[in-house]
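This report looks at a few local features of one protein chain, taken one region after another. Please keep the sequence and the structure in view while reading.

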Amino acid sequence: METQLDPMKDDLPLMANTSYMLVKHYVLDLDVDFKSKVIEGSIVLFFETGSQYRKTISAGKECYQSQFDETCKMRASEPCHIPMINVSTCSSKTECNDFAVSGKEEEATSDENSNHSNNEQASGISSSKDCCDIEDHGNKDFLLVLDCCDLSVLKVEEVDVAAVSGIEKFTRSAKLTGVSKELENLRNQIVHELVTLPADRWKEQLYYFTHCSQAPGCGELLFSTGTWSLEIRKSGIQSPADFPHAIRIWYKTKPEGRSVTWTTDQSGRPCVYTMGSPINNRALFPCQEPPIALSTWQASVQAAAGFVVLMSGENSAEPVQLREGILSWYYYVSMPMPASTFTIAVGCWQEVKQQSFKQKAAIGTNTEVSLPSSQTDLRWHEEICGHVEYPCRFQNPAARLQAVIPYRVFAPWCLMESCEEYLLQLVPQCLSAAYATLGTHPFSRLDVLIVPSNFSSLGMASPHIIFLSQSVLPGGSHLCGTRLCHEIAHAWFGLAIGARDWTEEWISEGFATFLEDIFWARAQQQLSHGEIKGQQELKALLRWRRLRDEVQNSEEELQVLRPKKGSTGEVSESGASVVKYGLKPEKIFMQVHYLKGYFLLRSLARKIGEVSYLASLRKFVVKFHGKLVLSQ
């Protein structure tokens, strides 16, 4: 069991033991209930064995495979199902050791989801060796740890992926030759084959993820929830390689959960959305939070008719009627991303439709201006991408020439007119300006949503979707355009290129602040070079004053761009770590990381010349997209 952490501490714990097991794909199937303010359903997680375990094997420290094969022979006739244990009979003194197997009856599955360092003892995170020593084949079971908070977990079960029709094609691979065909091992091998399919078979992969997620359960797993984690084990399983690589978790959120906010929009209609919580998505679904856990996901979300579900997904979902009064919305992503970037917004949003010809004219003008820059970049795109394999737009000739990706704008009914007047016209201009600066758009489409008035920021970027505050609308095209440019910049810096350590947030925010000026200058075709430079110098002065005031009136430790100094990017042996000052309340109101990062990049650009500096950024994007980076 984990050491109990004080939720009032400044550091945010990342508990997932990603070094032993790594999530590769999530399948969510959720129902949104506005009456009870609860999101309920299931999530299926598909795993790969983690790097720490594989490293141990290759170093010859353990001989798991031979022992595993022996275990398989001994267990060949064992049934997979674990006897039910009543939760109420478990106590810390009983043999179930604070773990519970839910007594709830099997539910039918639907036909249709940064590594940081700190010494483990110093951070209060218990070492994995305390509870699941993978070097000890005594009586200790391997413990899978997921990040989880403010969730009611109802049941955890192994998924029988071997029962899926047509799945036998994944058992005939040459990789399986000589491996025991014992059923439990076979399931894990099927998952391994599925998660390692090449990028050009991503549609087939998505098809089988869907069908595997609907497969029946084949035995409940023991689980326990802590302050910050969900811990899962299977009796008698002592290594990550033997642990089930496809599990289903039935759960429900709590109305007070901190990952989403239940509120009303500006028209007084109920809605719920992920508002960029300091604890990220762990109160929305059990997950692995560290950035290194790059994963894909798909989600089916059911809500009452009249509600629109927007989500970080590659497709523009069209609702399907499940039954009278209930619609289902389905989204997916094929680019691996940290679970913290998953975003959802459910409300009575209205799409702001294109009404004028100004927009088409703006697109045409900006596309013509941007083409020379994109042509300059083409030779860099001929390089082979260095990231994990996925269907990458940087390798797609059509995507490389797409100055403006498909986009939609959504808002509450009462703000549609304001959005049509300013925002709708600005989106293509800003997208085209971004393309002219950095080249290929990392994502294939974009939704922009004006979120409720309780949103605490001016904007938030996630894959395929941007949240904007209503506060940008009264500021006219300038405030709306600059904020839109800032969030669009995050598609490259913050999303396509992420910080390996979340304490180095300046890598995301500093670049976005610097690039918003570049994008906005290119989007304003009507301004002269002198007017644009005057605008940028004025903004630099205002930012300098804001930075000076923050430095004088905030704690010095919160002003450091690399608070963990030499240990930045390091994690414990299990993969657990902390986000230093991640829970400090005043931190969310500070701009020091935005501004220090901005002035650093501005200084570099002035030193070598803006044209040369932007050319170097384009090369940087081509080399590092799809990866996690550190300041160095």
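## Helix α11 and a nonpolar surface patch

In this predicted model, Leu-538 lies in helix α11, which covers residues 529–553. On the surface, Leu-538 joins Leu-541, Leu-542 and Trp-544 in a nonpolar patch, and together these residues present about 420 Å² of accessible area.

## An open sheet of three strands

Elsewhere in the chain, 3 strands are arranged as an open sheet whose order is β4-β8-β7, with antiparallel pairing. Strands β4 (144–147) and β7 (222–225) take the edge positions, and because each of them has a single partner strand, one side of each remains without a neighbour in the sheet. On average, and with direction ignored, neighbouring strands of this sheet are turned by 20° against each other.

The pairing of β7 with β8 can be followed in further detail. Strand β8 spans residues 229–233 and is joined to β7 by 4 bridges, the two strands running antiparallel. Within this part of the sheet, Thr-225 stands opposite Leu-230, a residue of β8.

## Ser-300 in strand β12

Is Ser-300 buried or exposed? Its relative accessible area is 8%, and since a residue counts as buried when this value is under 20%, Ser-300 is classed as buried. Ser-300 belongs to strand β12, which comprises residues 295–304.

Along the chain, Ser-300 and Ser-328 are 28 residues apart, while in space their C-alpha atoms are separated by 6.4 Å.

How values were computed:
Residues numbered from 1 in each chain as written. Predicted model: local features only at pLDDT ≥ 70, side-chain atom pairs only at ≥ 80, totals over all residues. Heavy atoms only, no water. Buried < 20%, exposed > 50% of the residue type's maximum accessible area, 1.4 Å probe, protein only. Pairing = 2+ DSSP bridges. Axes fitted to C-alpha atoms, helices over the stretch in contact; angles between N-to-C directions. Patch = residues over 30% accessible without salt bridge, like charges linked within 9 Å, V, L, I, M, F, W, Y side chains within 5 Å. Areas by Shrake-Rupley, 256 points an atom, 1.4 Å probe, with all protein chains shown as cover. Salt bridge = Lys/Arg side-chain N within 4 Å of Asp/Glu carboxyl O.
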